[in-house]
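Welcome, and take a moment to look over the fold below. A short tour follows.

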Amino acid sequence: MLTLRLSVIAVCSALLSACGTAPAPRPIIPAAEDLTSAPPAQRYVAQQQQQQVNAQRYNQQLRWQEQQRAQQAQQAQEAQRQEAALQRLAEQRREREQEAENARQQQLAMQQRSRDLRAQQRQRMERVQQQFSTPPALNTYARQDSRPVAQFAAGRMYTGPGRFTRLPDQVAGSLRASGVSEAGMGAYVRLAGGGQPALLTANADNPQTPASTMKLVTTYAALGILGPDYRWPTEIYTNGNVTGGTLYGDVIIRGYGNPQFAETDFRQMLQALRARGINNIKGNLVADTGFFNVPYQDPGAFDGNANAAYNAQPEAILYQERGSCYEFKDLKGKIQKICPVMPSSAQARQALNVNLFGSFWKIWVGEMGGQMQGSFARAGTPASAQLVYTHRSRPLREIIVEVNKDSNNVMARQILLSVGAKQLGAPGTPQKGAQAIGQWLESRGLAFPELRLENGSGLSRIEQITPRHMGEMLVDAYNSPYRNDLMSSMAVLGVDGTLKNRMKNSSLAGRGRFKTGTLRDVRAIAGYLQAADGQTYVVSILHNDPRARASVRGAHDDLIEWVFAGSRSFGY
């Protein structure tokens with residue numbers, strides 16, 4: 001019985017194991033040597049399992065190989081793209097280098113052509129000079145006084161085309177070599193004596209900014225309106241009683257716009273005051289500047305350089321051109337230094353004359369031993385004031401020499417205001433000056449509808465005139481009583497003024513008188529040239545271009561040389 005029970009239990013245990021009630025043990029793949037010794041059923045199962053494992057490994061290897069091939073293909077494509085990009089960049093760089101080389105070669109060729117043209121021009125000029133007896137260089141035009149001079153201009157401007165209406169080849173070539181367009185260069189050439197059509201009218205009727213060549217218009221009109229012998233007065237007055245050498249009142253300086261009022265002139269006036277027996281002044285030094293009415297303008301408004309001498313503002317008492325500082329002892333015996341002060345506002349304009357007050361202390365107290373108990377003021381001259389002395393400037397014909405030879409801006413502005421006050425009444429204003437000049441030119445038969453005058457110095461972006469009208473004005477001046485005065489005020493080519501170093505080593509040195517003009521984007525020159533055949537020509541060149549720098553001067557000089565040699569010698 002016991003044996004039967006044990007058998008039943010064993011059978012039940014086997015059934016339970018077969019039905020999965022207990023976890024089956026993890027199959028173990030027998031080693032290869034064990035397969036032969038294992039039973040056939042077990043060997044079959046092991047072989048099947050091994051095949052599955054091998055298939056999985058094979059599939060994994062295939063997938064890895066496919067991924068590797070795809071990655072390699074992708075890398076190859078990327079390398080090809082990079083190589084293509086590098087090739088494109090290299091090709092573009094080669095193209096740019098080739099273009100730059102072509103441009104450089106073209107530039108060199110143009111420069112060489114310009115040099116060749118100039119060399120040919122020099123040779124032709126030498127041949128022309130051999131054909132004519134070379135006249136002596138003109139250091140002065142006074143020799144022409146013996147020639148008959150028309151009292152008035154012909155009364156009619158030449159308005160037609162010139163014999164040539166485009167720039168000469170060598171001039172145009174010089175411009176192209178500098179990368180500058182011909183369109184911005186206006187030129188007008190005519191015999192100074194008039195009576196014949198113009199020689200050259202290239203862009204001659206385009207209004208241009210003339211820069212400082214506008215001073216020729218201002219000074220020529222001043223010669224006609226004020227007269228070559230005009231002298232600016234500056235007066236000194238006293239307003240009060242004198243007792244025991246003491247003036248109980250003010251000393252008044254009344255200005256009329258003298259462009260060259262200097263310390264030596266002021267000293268003469270104070271010496272005349274001292275000669276009246278006055279040693280002590282119990283009053284103020286008063287500056288009467290009412291002869292001009294000039295609206296306040298920031299000196300740095302034009303180009304931001306407020307302290308530049310060329311930006312000095314005009315005034316009826318323009319003392320030392322506001323360019324001096326003074327040291328003196330004040331009433332307490334302390335050393336004081338006063339320099340010209342540029343105003344920061346309209347209310348500060350009184351500071352413009354502190355150098356006049358400083359000079360007064362230097363001369364009256366420091367040199368003459370006088371005394372003063374007062375300050376500086378700006379006011380008019382009362383009717384009760386007594387005139388002590390009148391100082392008169394140098395004549396206009398001498399003053400315009402500095403204006404034109406050295407291109408003095410503030411002096412030109414003084415002249416414009418003086419012309420306005422003389423012609424249309426005090427106070428002088430820029431508007432009156434411009435109107436007076438326009439009216440005077442029209443009275444000479446010179447109607448310039450495009451003419452714009454702002455201050456008469458050319459330091460302006462508003463002022464304008466055409467090259468033709470600048471030239472016609474010079475023709476008119478040459479045939480007027482003011483020819484020698486105007487021409488003597490202009491710089492001599494290669495000798496002095498703004499032309500001292502220009503063409504000084506050429507055969508043209510001493511043969512021309514010109515006024516130059518320079519602003520940003522503006523180059524200009526206008527005046528008279530005595531050609532190789534002895535004839536005098538008017539030359540007017542106004543050049544406005546963003547690239548009009550010093551490089552265009554060569555083209556302007558080429559044109560002057562062309563006029564000097566004569567157009568026929570160039571086969572133009």
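Which residues of H11 are buried? They are Pro467, Arg468, His469, Met470, Gly471, Glu472, Met473, Leu474, Val475, Asp476, Ala477 and Tyr478. That is twelve of the twelve residues of H11, so the helix is mostly covered, where buried means under 20% relative accessible area, exposed over 50% and partly exposed in between, with a 1.4 Å probe and protein chains only.

Before going on, please note that this is a predicted model, in which local features need pLDDT of at least 70 and side-chain atom pairs count only at pLDDT 80 or more, while totals for chains, interfaces and linings use all residues. Residues are numbered from 1 along each chain as its sequence is written, and side-chain values use heavy atoms, leaving out hydrogens and water.

**The whole chain**

The protein chain has 13 helices and 15 strands; these are DSSP runs numbered from the N terminus, with helices (H or I) of at least four residues and strands (E) of at least two. Of its 572 residues, 46% count as buried.

**The length of H11**

Helix H11 covers residues 467-478, and at 1.5 Å a residue its twelve residues should span 16 Å; the end C-alpha atoms are 17 Å apart, which agrees. The expected span is 1.5 Å times one less than the number of residues.

**Two helices that cross**

Helix H5 (residues 214-225) and helix H10 (residues 430-443) have axes that come within 10 Å and cross at roughly 75°. That makes H5 roughly perpendicular to H10, a label for angles of 65 to 115 degrees. Val217, Thr218, Tyr220, Ala221, Gly224 and Ile225 of H5 meet Ala436, Ile437, Trp440 and Leu441 of H10, contact being heavy atoms within 4.5 Å. By class, this contact has eight nonpolar, two polar and no charged residues.

**Backbone details in the loops**

Most residues other than glycine have a negative phi, and most peptide bonds are trans. Here are two residues with a positive phi that are not glycine.

| Residue | Phi | Loop between | Relative accessibility |
|---|---|---|---|
| Ala211 | near 55° | strand E2 (200-202) and H5 | 0%, buried |
| Asp521 | about 70° | strand E13 (512-519) and strand E14 (522-530) | 23%, partly exposed |

Where is the cis peptide bond that involves Pro427? It joins Ala426 and Pro427, with omega about 0°. Pro427 is found in the loop between helix H9 (409-424) and H10.

How values were computed: Axes fitted to C-alpha atoms, helices over the stretch in contact; angles between N-to-C directions. Parallel < 35°, antiparallel > 145°, perpendicular 65-115°, else oblique. Nonpolar A, V, L, I, M, F, W, Y, C, P; charged D, E, K, R; others polar.
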